[in-house]
Amino acid sequence: MRNVKATAAAVTAALAAGAAGIVAGRIASDAGLKAPPGRPLPGEPRLTVHSTAAGRIALTRDLAALRPGTYGLAGDASHAVVGDVLTAERHSADTVVRRLERVTHGTLASGDKVWLTPNVYVGDPKSALDLDHTDVDVPGELGALPAWFVPGVRDTWVIAVHGLGTTREHALNITEFLHRHRFPVLTPAYRGDIGAPRPPDGLNHFGETEWRDLDAAMRYAVSNGARQLVLHGWSTGATMALRAAARSGVRDRVKGLVLDSPVLSWELTLRALAAGRHTPGVLLPLAVRAAQGRTGLPSDHSGLYADRTVPYVDHEERTDDMGPDRPPPPTLILHGPDDTIAPWRLSRRLADAHPDRIALHTVRQAPHAAMWNPDPNGYEEALRRFLTPLM
């Protein structure tokens, strides 16, 4: 009887541990599957405003606060734009002084909690950039997708798609540049965004289902006069662009891809986001399995450092419509080794696999999906050189 009780207790403990592991994995997987737009990604530190003065702001000393370049500075009810660290200013042991370029809305006061964001602009093309635009509705499979359309004289349209943790305002960073070069620009929201339909399960799918909303935007562009398309995506928006270029019924209109910090392994990205929430390493595999169970995402064999569901990755091994008979369109990847969310080595591997089709522009000292921010001029020059043959 004693042995039976001991065995029952052990089984009960094992079942309880298993159930606890499932719950823990599910909670950890939320870091990627429920990353809300417009909020900091896990691991992005909250900084404290220590003081402000004319053209200056003192922030908590942190590696993030020392990033070079121009960033949005977002708070729960405020947005500002900060420039480079002011090295000539006196810095205390626990603060960093940056140039304060402008306060877009709200106020900044000592003690406020803020975070750096790649979104330098807020609003729409008119309010943020003084560019005339039209608010349009793109017919998507789940319902109408709100989009901005900035007209241009070319018949090559650029469709700009944001990624994890940001909104379509992210595309405003390059909209003025594209308008100056006379490209029509379509910037759609997609499922899960504010104003767009909610995904049936309420979860992000790392581009695996969201690409169909990009496909809808592509069809809208073609039906409204676009003869050629360039897809410009950030983060999972870049993953959506890769999938749409391979799977869309109008994929033959895609003449170029611009991929900023592409997510080429959803498993590695999910692990990074979960780790950013201080998930113990032992639970990270459970987070991946939970995500698979909740979304139906196939395993990407991340031990091979590439998501085999992403087109053109391990291209020579593909046998479907993303295989060797369909080489990737001309592609510019903008990515850097300081990205802790989507590993740069995967972009380098992808570019090395297609040296005649894919160019890699490496950006250092930039976090995920913020390759424009450290050096806007350098980013736009790389973009200009890439786009010139496609005009």
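**Figure 1. β3 and β4 side by side in the predicted model.** Strands β3 and β4 (residues 78-85) run antiparallel and are joined by five bridges. This is a predicted model, so keep that in mind for every view here. If you want one pair to look for, take G72, whose bridge partner in β4 is V81. Zoom out a little and β3 and β4 turn up in a closed barrel of six strands, ordered β1-β2-β5-β4-β3-β6, with antiparallel pairing. From one strand to the next, the twist averages 45°.

**Figure 2. β2 and its two partners, β1 and β5.** On one side, β2 pairs with β1 (residues 47-53) in the antiparallel sense, over four bridges. A53 is the residue opposite R56 of β2. The two strands make a hairpin with two residues between them, and G55 in that turn takes a positive phi of about 75°. β2 is also joined to β5 (residues 95-105) by five bridges, again running antiparallel. Here L59 stands opposite V96 in β5.

**Figure 3. L66, in the loop between β2 and β3.** L66 sits in the loop that links β2 (56-60) to β3 (71-75). Is L66 buried, partly exposed or exposed? It counts as partly exposed, because its relative accessibility is 37%. Leaving aside residues up to four places away in sequence, L66 touches R61, V85, V96 and R98. V96 is the residue we just met opposite L59. Also look for Q365: it is 299 residues from L66 in sequence, yet the two C-alpha atoms are 9.6 Å apart.

**Figure 4. The largest pocket.** Its volume comes to about 860 Å³. The lining takes in 43 residues, and E44, R67, L116, T117 and P118 are the ones nearest the centre. Which elements give two or more residues to the lining? They are β3, β4, β6 (113-117) and α6 (266-276).

**Figure 5. The open sheet and its edges.** Eight strands make up this open sheet, in the order β7-β8-β10-β9-β11-β12-β13-β14, and the pairing is mixed. β7 and β14 (358-362) stand at the edges with a single partner strand each, so one side of each has no neighbour in the sheet. Ignoring direction, neighbouring strands are turned by 20° against each other on average. At the β14 end, β13 (residues 331-335) pairs with β14 in the parallel sense over five bridges. L332 stands opposite A359 there. Helix α4 lies across β7, β8, β9, β10, β11 and β12, and runs at about 120° to β7.

**Figure 6. Nonpolar cores.** The largest core holds 43 residues, and I159, L186, L214, M218, L229, L231 and L257 have the most contacts inside it. At least two core residues come from each of β7 (134-140), β8, β9, α4 (211-223), β11, α5 (236-247), β12 (254-260) and α8 (344-353). A second, separate core has 27 residues, including A171, I174, V230 and V258. As a rule, nonpolar side chains in soluble globular proteins tend to be buried together. For a closer look at the largest core, centre on L229: not counting residues up to four places away in sequence, L229 touches W157, I159, M218, A221, V222, R253, V254, K255 and G256.

**Figure 7. Helix α3 and what covers it.** In α3 (residues 172-180), the buried residues are L172, N173, I174, T175, F177 and L178. I174 is also one of the residues of the second core. The cover over the buried residues of α3 includes α2 (125-129), β8 (143-150), β9 (156-161), β10 (185-188), β11 (228-234) and α9 (376-387). Just after the helix, R182 takes a positive phi of about 70°.

**Figure 8. S235, in the loop between β11 and α5.** S235 is found in the loop between β11 and α5. How does S235 count, buried or exposed? It counts as buried, because its relative accessibility is 0%. Setting aside residues up to four places away in sequence, S235 touches G163, L164, D260, S261, P262, V263, H368 and A369.

**Figure 9. The whole chain, for orientation.** The secondary structure comes to nine helices and 14 strands. Of the 391 residues, 53% count as buried. Among contacts with a separation of 6 or more, 73% come from residues 24 or more positions apart.

Note on methods:
Residues are numbered from 1 along each chain as its sequence is written. This is a predicted model: local features need pLDDT of at least 70, side-chain atom pairs count only at pLDDT 80 or more; totals for chains, interfaces and linings use all residues. Side-chain values use heavy atoms; hydrogens and water are left out. Buried means under 20% relative accessible area, exposed over 50%, partly exposed in between (1.4 Å probe, protein chains only). Contact means heavy atoms within 4.5 Å. Two strands pair if DSSP finds at least two bridges between them. Axes are lines fitted to C-alpha atoms, for helices over the stretch in contact, and angles run from 0 to 180 degrees between N-to-C directions. A nonpolar core is a set of buried Ala, Val, Leu, Ile, Met, Phe, Trp, Tyr and Cys residues joined through side-chain atoms within 4.5 Å. On a 1 Å grid over the protein atoms alone, a cavity is a set of points where a 1.4 Å probe fits but cannot get out, and a pocket is an open set with protein on both sides within 12 Å along at least five of seven lines; lining residues have an atom within 4 Å of a point. Grid points are joined across faces, edges and corners, and a volume is the space filled by probe spheres set on the points.
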